[in-house]
Amino acid sequence: MNEQATSRPDDPVQGSPSTEVLLAAEVFDGEPGCIAQARALADRFLARLVSEWLAVLGEHTRSDLMLAVSELVTNADRYSHGPYLLELEGDARRISVTVYDSSTALPVLYSPDPARLGGHGMEIVVALCDRLTAERVPVGKRIRAEFTLST
């Protein structure tokens, strides 16, 4: 497992805002059970964020974040040709869920249509998170869902 610990700023003495965040990341190869492993990583991450960073999770934050992780990892598993990376980053105010995969094709955001079969994953993620970005990167693409926490 490629989990990472807290990253700290190089020079905490300066007066700039803290860049200290909790990080967790893992590479998945698409084998059966990857989505459950990604959800388990997210669950451990949230537990640490609450216990170590005193983050306050709203009533639906955990379930929203777990569903977003499931949808983003499922898309990476389904549409990319190779391993993909799930990265979780957060502090007491926000959490981001980022998935890197090898496909350069950006996701399609369809307008809501309950009669459509499939294609609802990104629609769900957009509804759950506060901000969603998708961009091409040298390895393929990066999709990031950001969640603002209660203060």
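These legends go with a set of close-up views of a predicted model. Residues are numbered from 1 along each chain as its sequence is written, and side-chain values use heavy atoms, with hydrogens and water left out. Because this is a predicted model, local features need pLDDT of at least 70 and side-chain atom pairs count only at pLDDT 80 or more, while totals for chains, interfaces and linings use all residues.

**View A. Helix H2 and what its buried side packs on.** Helix H2 covers residues 61-79; helices (H or I, at least four residues) and strands (E, at least two) are DSSP runs, numbered from the N terminus. With 19 residues at 1.5 Å a residue, H2 should span 27 Å (the expected span is 1.5 Å times one less than the number of residues). The end C-alpha atoms are indeed 27 Å apart, which agrees. Buried residues of H2 include Leu65, Met66, Val69, Leu72 and Val73, where buried means under 20% relative accessible area, exposed over 50%, and partly exposed in between (1.4 Å probe, protein chains only). The buried residues of H2 pack against helix H1 (34-53), strand E2 (84-90), E3, H3 and E5.

**View B. Leu67, a partly exposed residue of H2.** Leu67 sits in helix H2 and has a relative accessible area of 34%. Leaving out residues up to four places away in sequence, Leu67 touches Arg39, Ile124 and Leu128; contact here is heavy atoms within 4.5 Å. The C-alpha atoms of Leu67 and Val125 are separated by 7.8 Å, though the two are 58 residues apart along the chain.

**View C. The E4-E5 hairpin.** Strand E4 (residues 131-137) and strand E5 (residues 140-148) run antiparallel, paired over seven bridges; strands count as paired if DSSP finds at least two bridges between them. Two residues make up the hairpin connection from E4 to E5. To find one of the bridges, look for Arg131, whose partner in E5 is Glu146.

**View D. Asp101 and Lys141, a buried charged pair.** The side chains of Asp101 and Lys141 meet in a salt bridge at 3.0 Å, N to O, a salt bridge being a side-chain nitrogen of Lys or Arg within 4 Å of a carboxyl oxygen of Asp or Glu. Asp101 lies in strand E3 and Lys141 in strand E5, so the pair ties together parts that are 40 residues apart in sequence. Asp101 is buried at 5% relative accessible area, and Lys141 is buried at 6%.

**View E. Ser103 in its loop.** Ser103 belongs to the loop between strand E3 (94-101) and helix H3 (121-128), and is buried, with a relative accessible area of 14%. A polar atom of the Ser103 side chain lies 3.2 Å from the backbone nitrogen of Ala105. Beyond its neighbours within four places in sequence, Ser103 is in contact with Tyr79, Ser80, Gly140 and Lys141.

**View F. Two more salt bridges.** The whole structure has eight salt bridges. In one of them, Glu52 pairs with Arg48, with the closest N and O atoms 3.1 Å apart. Both residues lie in helix H1, four residues apart, about one turn of the helix. Glu52 is partly exposed at 47%, as is Arg48 at 28%. Asp91 forms another with Arg93, at 3.0 Å between the closest N and O atoms. Here Asp91 is buried at 7%, whereas Arg93 is exposed at 51%.

Note on methods: Polar contact = N/O pair within 3.5 Å; in protein donor to acceptor, adjacent residues only side chain to side chain.
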